[in-house]
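Trainee: I should like to go through this structure with you and ask what stands behind the terms applied to it.

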Amino acid sequence: MTHILALDQGTTSSRAILFNAQGQSVRTAQSEFKQIFPQPGWVEHDALEIWQTQLRVLKDVLTPAATTDSVAAIAITNQRETTVLWDRQTGLPLANAIVWQDRRTVEHCNALRQQGHQTFIQEKTGLVLDAYFSGTKLAWLLDNIPGARTRAERGELAFGTVDSWLVWNLTKGQAHVTDPSNASRTLLFNLHTLAWDDELLALLRIPRSVLPTVMPSSGIVAHTDPSLFGRAIPIASMIGDQQAATFGQACFEPGMAKNTYGTGCFMLLNTGHQPVVSQNKLLTTVGWQRLEASAQPLATTYCLEASVFMGGATIQWLRDGLNIISSAAEVEALAASVPDVADTYLVPAFTGLGAPIWDGNARGTLIGMTRGTTKAHIARAALEAIALQVADVFDAMAKDSGIALAELRVDGGASKNDLLMQMQADFLGVPVVRPNVTETTALGAAYLAGLAVGLWSSTKDIATQWSVDRRFEPSMASADRDAKLARWHQALERAKGWAS
Ligand code: ADP
């Protein structure tokens with residue numbers, strides 16, 4: 001048994017990837033599923049469709065049947081915070097899943113904030129009080145589905161994030177489990193005790209009986225029902241997607257950080273075995289929990305996390321909003337056709353600003369234009385804006401953790417852009433390192449499962465598999481970098497509060 005089968009259950013598609021013992025992907029299948037928008041600000045998924053697409057791609061990758069015999073374990077990584085409530089008897093969801101992007105519980109969060117619970121919640125959970133997380137979504141389901149709260153109190157219902165939902169289905173209802181990386185995104189989980197917290201449950205009015213059992217991120221948590229694949233396959237990891245990518249980037253030591261340049265940007269910094277409470281509006285989260293040779297009995301790795309809402313999406317806007325490029329890849333040549341931005345700044349606050357500013361009323365701003373400004377300057381300013389936002393969260397992470405970060409590992413669609421990566425190194429003042437394998441999310445989950453079943457013996461083993469495609473060295477003088485960031489912060493000031 002020489003392979004790990006990773007399930008990467010994302011926001012828009014379900015994927016299955018078969019990895020060999022060298023950490024190379026040998027087969028992949030992907031299936032998109034419906035995005036449901038019942039009202040402005042609401043986003044739902046059909047949980048059954050999530051399961052069905054996931055099962056289909058799993059079976060695709062396992063064909064021919066001989067492949068099944070080569071699978072040592074299944075690994076699960078998933079879109080985080082998305083909330084499913086189902087009937088323990090029938091296994092059927094009571095409603096569509098409420099997706100992480102859904103804003104229907106903003107009012108509930110505002111009310112909790114006005115009652116003064118923000119600090120209490122941040123201290124216990126490491127999170128900001130926001131509709132993004134699962135807790136208020138679950139409360140909404142219990143309050144709005146007729147009879148749900150009474151049934152939940154009688155122990156008839158099960159709550160889970162997508163990892164729990166997939167394991168429930170893979171085991172035909174034998175296991176109702178989650179891991180600390182997913183649990184730490186619910187507002188119900190205490191980061192310090194690593195357990196569901198009665199005070200948080202009471203505050204959000206969640207009955208304990210709906211909650212899954214929290215298991216390590218790496219370890220055999222259950223076996224698939226034999227009727228599904230002809231034999232019982234161990235399920236040996238569960239981990240949220242961004243934490244999985246951090247593991248897949250081999251950020252095993254405190255002070256190692258990765259940034260994923262997708263639609264948004266997600267930066268995670270390994271802060272070691274203690275949670276660091278942020279003074280700079282970052283999130284504190286569990287990275288992963290696993291057995292380590294030296295650890296007794298389980299070691300929990302924590303991370304600081306920051307998200308930038310408009311990362312690669314800024315480039316989509318150049319393509320679809322402004323029509324100045326016809327594909328995202330074209331932005332690099334257009335931006336490189338001018339030597340600099342000629343003092344033009346684009347603040348892509350199209351949906352407000354995330355970490356470390358958190359201004360929901362900020363709006364997009366393009367400033368500094370003159371008669372000489374061209375679409376090339378705007379394209380270049382858009383790339384710079386991605387790198388400058390990332391530089392700001394990088395700086396906040398260094399301040400919060402007290403760690404001088406030596407480099408930034410990168411992945412995601414826009415990390416293919418060499419010009420953007422060079423800008424990033426210049427604005428950070430540390431090297432930016434792009435690995436050969438950028439499928440880091442599925443790979444991280446596969447590594448955690450492989451460690452649990454002995455396919456890899458240690459993180460050292462894995463670290464040797466991680467290999468560099470290209471390293472971007474900073475080439476900007478520090479005085480120039482300071483001036484650049486100062487000018488960017490002036491532009492940011494002008495974008496803040498516009499919609500208020
Ligand atoms: P997600 O997982 O969020 O869907 P991906 O990792 O697939 O995102 O990356 C897609 C994003 O990267 C898109 O927003 C796209 O605009 C951006 N992108 C893709 N290629 C490039 C490029 N060469 N330069 C800049 N941005 C790019």
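The conversation below takes up two helix pairs, the ligand and two backbone features.

Mentor: This is a predicted model, in which local features need pLDDT of at least 70 and side-chain atom pairs pLDDT 80 or more, while totals for chains, interfaces and linings use all residues. Residues are numbered from 1 along each chain as its sequence is written, and side-chain values use heavy atoms, with hydrogens and water left out.

Trainee: Why is helix 14 called roughly perpendicular to helix 18?

Mentor: Helix 14 (residues 375-401) and helix 18 (residues 478-495) pack at about 100°, their axes 11 Å apart. Angles of 65 to 115 degrees count as roughly perpendicular, so helix 14 is roughly perpendicular to helix 18. The axes are lines fitted to C-alpha atoms over the stretch in contact, and angles run from 0 to 180 degrees between N-to-C directions. Helices are DSSP runs (H or I, at least four residues), as are strands (E, at least two), numbered from the N terminus.

Trainee: Which residues of helix 14 and helix 18 meet?

Mentor: Contact means heavy atoms within 4.5 Å. Among the residues that meet are Glu-384 and Leu-388 in helix 14, and Lys-484 and Trp-488 in helix 18.

Trainee: How do you know that helix 11 and helix 16 are roughly perpendicular?

Mentor: The axes of helix 11 (residues 241-248) and helix 16 (residues 440-453) cross at roughly 75° and come within 6 Å. Helix 11 and helix 16 are therefore roughly perpendicular to each other. Their contact includes Phe-247 of helix 11 and Tyr-447 of helix 16.

Trainee: What makes a residue part of the ligand's surroundings?

Mentor: A residue is near a molecule if one of its heavy atoms lies within 4 Å of it. There are 14 residues surrounding the ligand, the closest being Thr-263, Gly-312, Gln-316, Gly-413 and Asn-417. Helix 12 (residues 312-320) gives the most to this shell, with four residues.

Trainee: What makes the approach of Gln-316 to the ligand a polar contact?

Mentor: A polar contact is a pair of N or O atoms within 3.5 Å. A polar side-chain atom of Gln-316 lies 2.8 Å from an oxygen atom of the ligand. A polar side-chain atom of Asn-417 lies 3.0 Å from a nitrogen atom of the ligand, and a backbone N or O atom of Gly-312 lies 2.9 Å from a ligand oxygen atom.

Trainee: Why are Glu-81 and Pro-356 singled out?

Mentor: Most residues other than glycine have a negative phi, and most peptide bonds are trans. Phi of Glu-81 is positive, near 70°, and a cis peptide bond joins Ala-355 and Pro-356, with omega about -5°. Glu-81 lies in the loop between strand 5 (71-78) and strand 6 (84-87), and Pro-356 in the loop between strand 19 (345-347) and strand 20 (365-367).

How values were computed
Parallel < 35°, antiparallel > 145°, perpendicular 65-115°, else oblique. Polar contact = N/O pair within 3.5 Å; in protein donor to acceptor, adjacent residues only side chain to side chain.
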